[in-house]
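Trainee: I would like a close look at one part of this model, and then its surroundings. Please start from the cysteines.

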2 protein chains.
Amino acid sequence: MKHALDFYLKQRRKIVALNYVGFVISWDMETDAAEQSITADSEQVAVVSEMSYRLLTDPEFENAVSVLYENRSSLDEVLKHEIEDAYKRVRDTKKIPQDEYTAYSELTSKAYPVYVKAKTENNFELFRPYLEKIVEFCRKQTKWLETDELKGYDVLLDQYEPHYTQAKYDAFFNALRKRLVPFVKEVTAKPAAVPDWAKQNFPADKQREFCEYLRDVMLFDKTRGIMKQSEHPFTSGFGTDDVRITNHYYENKFDSSIFSCIHETGHALYEQQCDKSLNGTLSGGGASLGLHESQSRFYENIVGRCRAFWSVHFTKLKSIFEEQLKDVTLDEFLAYINTAERSFIRTEADELTYPLHVMLRYEIEQKIIKGELEVKDLPAYWNDKFKEYFGITPLNDAVGVLQDVHWAYGNFGYFPTYALGSAIASQLYHYMNKDFDVEQSLKEGTTAKINEWLKERVHKYGSSKYPDEILRLATGEDFNPDYYIDYLINKYAKV
Amino acid sequence: MKHALDFYLKQRRKIVALNYVGFVISWDMETDAAEQSITADSEQVAVVSEMSYRLLTDPEFENAVSVLYENRSSLDEVLKHEIEDAYKRVRDTKKIPQDEYTAYSELTSKAYPVYVKAKTENNFELFRPYLEKIVEFCRKQTKWLETDELKGYDVLLDQYEPHYTQAKYDAFFNALRKRLVPFVKEVTAKPAAVPDWAKQNFPADKQREFCEYLRDVMLFDKTRGIMKQSEHPFTSGFGTDDVRITNHYYENKFDSSIFSCIHETGHALYEQQCDKSLNGTLSGGGASLGLHESQSRFYENIVGRCRAFWSVHFTKLKSIFEEQLKDVTLDEFLAYINTAERSFIRTEADELTYPLHVMLRYEIEQKIIKGELEVKDLPAYWNDKFKEYFGITPLNDAVGVLQDVHWAYGNFGYFPTYALGSAIASQLYHYMNKDFDVEQSLKEGTTAKINEWLKERVHKYGSSKYPDEILRLATGEDFNPDYYIDYLINKYAKV
């Protein structure tokens, strides 16, 4: 046991260091690295990944994890959770036949460029054979990895959001289908028009200036992180003291950078507010994709689109865009940033219609993994269902079934976490309001009170507990989608 | 032999990948990483360095290197050189007692902050005990590492510039002392004044714009590298396809960014123009510090400060700084960028006085390592010699003996390469002019012809040959300092 623990800690030190290496390299590739250097450096990235993989599959490491797992009752809470997780990962890795895994890695790396081409050329048939093989692997994967608790699609779901199975998601999406679909159809019956003032030119450097201001409002610690530009906004963190976000500035769509900034800073606060003692372990960072998304969406939608927030900060925005916003009132601005409309693209959808996009993908994935739907029938099925939920039919597959990259990567089970995030955010909001008036607190000028509550209830745990445990600790209740649907209906009934 | 080669190549792949990792991490720390994250991440850097060190000191690797070294006659030229170099490094590493090495690493890491404090407070005595211990180690090091060919200070010199020993440097610096010291005193007798127009404000973004233009003039391949901002300008490269430079923009000293840009782009061209077949080996990059510096200084001084260059590009500079330069003539500009004056700080010295600063340090290091000068006597000795060579006495130790960081890192033997670079540049210039009229070629608008010549004679070899071999191949002659002194005297006699 002593020997196993020593070995585990020694090996973990290296694993953590290579995680840091991966973090810096991807940051570099996403932001700085020149076109040709990315190709040139990819061989180095492959060697480093191989080193990481060897550390994790080293038989001595596996053995140490097993010994610690058997004796886990004697470990402290954090390490116990970490070992349980490592044990599961080691066990799962061994269940996948090595040759199948290698073939699959090759398949997905070949599938990606084909997917890009298929989307560009609006040609699903080009991508179809690749997607069929990917689906075949995912179906087999559910067999290899199944346990007494997890079978079928649940196996895949659990990889992205531990303990969130079809039982939970079905309840969630059934409620959405029943209560939200008719409501959305009603609210979005009349097409929304972008007001003329929002179509003006908003210079990038002015947008950047306002985003710097927003990061201060949200109390992002600038000595422990930075903000930079990249093609698509993202957050990336290593421990509590190196948390980075990016943004993108569209001069003809100024609100995009504002809400990306608030969204990514929400992710960043989760990372910065983890307990510092988790640095250097494998228990830092967010507990899951869904819980992480709950934080970014809490700030982006619940905080960032509410009247109280803008009643304080709209003056600042107007002072930066003096010319462009001189005739715009707070009411007009709020109406604009809370517009709901029917649209084809998930990533561009508004707060209200967003979860329906995810619901569609969940339903499709479930049928595909169960074998009730085949890849060749996907485009037609997608379009039918889209019409049913949104009342409109995608113009083509590029803005339909081909719009998202996830399946090309083999990420079945990932999508539902996007909607889960918003739903969890609403549940947290409900309970936060029991402790203090959330909107009222925003009038103090910063998100200090909200940050503090989330830190104590969610952030501080890092990934040292499962996301469902953290939610129960934070709210005293299991996941309950009603808060979300109530929130949306209540908000958009007013708008 | 077959086994040894396979193992060597396998291990080299990992070493190269960790070199890439080191390259990206330092780039990140120098440019992006926030204040506190640097501290937080230093543990990870230590673990990665440890991994690198283990790869290099792995007994199986040492063994493979030995076997290959014994059979080196059967290897191709490039690999043969690489193995000779690796063999020497492995042999040297083993000659230093492990405990001494560890103690020394600790010493220098403690010495650095003390040095910074001592410089800030102008207090040499604070730094003295650390420097004494560093010198003690360096003196011992010359004993541990001495060979039949290399003894004393030569051991240290060879680490930074292989095959450049005191015999060569003495000839160089003696010539400088004899011919250049009296000339410099004469030329700099009258203090130089900065003209009023150069004291105006030159906005950073305009400076950046001109530097982008300069990189195009020098044909830096922007798809295989980038330029960014950092505290101090530097170049950093990994292979031929990922070469990065930084710059710093002082709004009240606009020429600083111009010459830093030309200097760093000179370094960058060396890296970009190596033979591509050397990528992925340990034989890429520059052959030595001195040879690298010869390239940056060739472009910065010989190209960047000459009339022909500015007769083409001054119009562009004037168009960017229309207001600031409207009354400035080409002659006035050339006089300004070629001013020579007596000053205390090496890094800020002009082209003419620069080598004397290096000469002083060489002389001091030589005496210290020989034991003819002790650390306690350094400040007084420095000031006396400075007065002798420059005709002025440093105001205090902060701008005297404490100005450079190198000794705090234990880098004895490094300084002379700085002056060597300029001298080699002049030797190359002499021979380049035999092939074509260098100044005339600049009138074509780019440095294409110069780049091509340097690529064929210097760059393409990477570090697959020793620097003295490359110089002989390029010029048909061994290192000869006369070209440099002639160049300087000839140029500044006219100015």
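Trainee: How far is the sulfur of C306(A) from the closest cysteine sulfur, and in which residue is that closest sulfur?

Mentor: The closest cysteine sulfur to that of C306(A) belongs to C261(A), 16 Å away, which is too far for a bond. A disulfide here is a pair of cysteine sulfur atoms within 2.5 Å. This is a predicted model, in which local features need pLDDT of at least 70 and side-chain atom pairs count only at pLDDT 80 or more, while totals for chains, interfaces and linings use all residues. Side-chain values use heavy atoms, without hydrogens and water, residues are numbered from 1 along each chain as its sequence is written, and chains are lettered from A and ligands numbered from 1 in the order in which they are written.

C261(A) is also the closest cysteine partner of C211(A), but the two sulfurs are 4.2 Å apart, too far for a bond. A search of the whole structure, over all chains, gives 0 disulfides. C306(A) has 7% relative accessibility and counts as buried (under 20% relative accessible area; exposed is over 50%, partly exposed in between; 1.4 Å probe, protein chains only). C211(A), at 0%, counts as buried too.

The chain that holds these cysteines has 20 helices and 3 strands (DSSP runs, H or I of at least four residues for helices and E of at least two for strands, numbered from the N terminus). The radius of gyration of chain A is 23 Å, close to the 23 Å of the globule rule for 495 residues, so chain A is as compact as a globular protein of that length. That radius is taken over C-alpha atoms, and the rule is 2.2 Å times the number of residues to the power 0.38. Along the principal axes, the C-alpha atoms of chain A fill a box of roughly 70 × 50 × 50 Å. Of its 495 residues, 56% count as buried. Contact means heavy atoms within 4.5 Å; among contacts in chain A between residues at least 6 apart in sequence, 74% join residues at least 24 apart.

Strand β2 (residues 235-238) of chain A has two faces: S236(A) and F238(A) are on the covered one, T235(A) and G237(A) on the uncovered one. Strand β3 (residues 242-247) of chain A runs antiparallel to β2(A), and 4 bridges join them (strands pair if DSSP finds at least two bridges between them). T235(A) stands opposite I245(A) of β3(A). The two strands form a hairpin with 3 residues between them, and G239(A) in the turn has a positive phi of about 70°.

In chain B, an open sheet of 3 strands with mixed pairing has the order β1-β3-β2. Its edge strands, β1 (225-229) and β2 (235-238), each pair on one side only. On average, neighbouring strands are turned by 15° against each other, direction ignored. Strands β2(B) and β3(B) run antiparallel, joined by 4 bridges, with F238(B) opposite D242(B). Helix α10 (residues 254-272) of chain B lies across β1, β2 and β3 of that chain, at about 170° to β3(B). Axes are lines fitted to C-alpha atoms, for helices over the stretch in contact, and angles run from 0 to 180 degrees between N-to-C directions.

Elsewhere in chain B, helix α7 (residues 153-160) is mostly covered, with 7 of its 8 residues buried. Its buried residues include Y153(B), L156(B) and Y160(B). They pack against several helices of chain B, among them α4 (77-95), α8 (166-187) and α16 (416-435).
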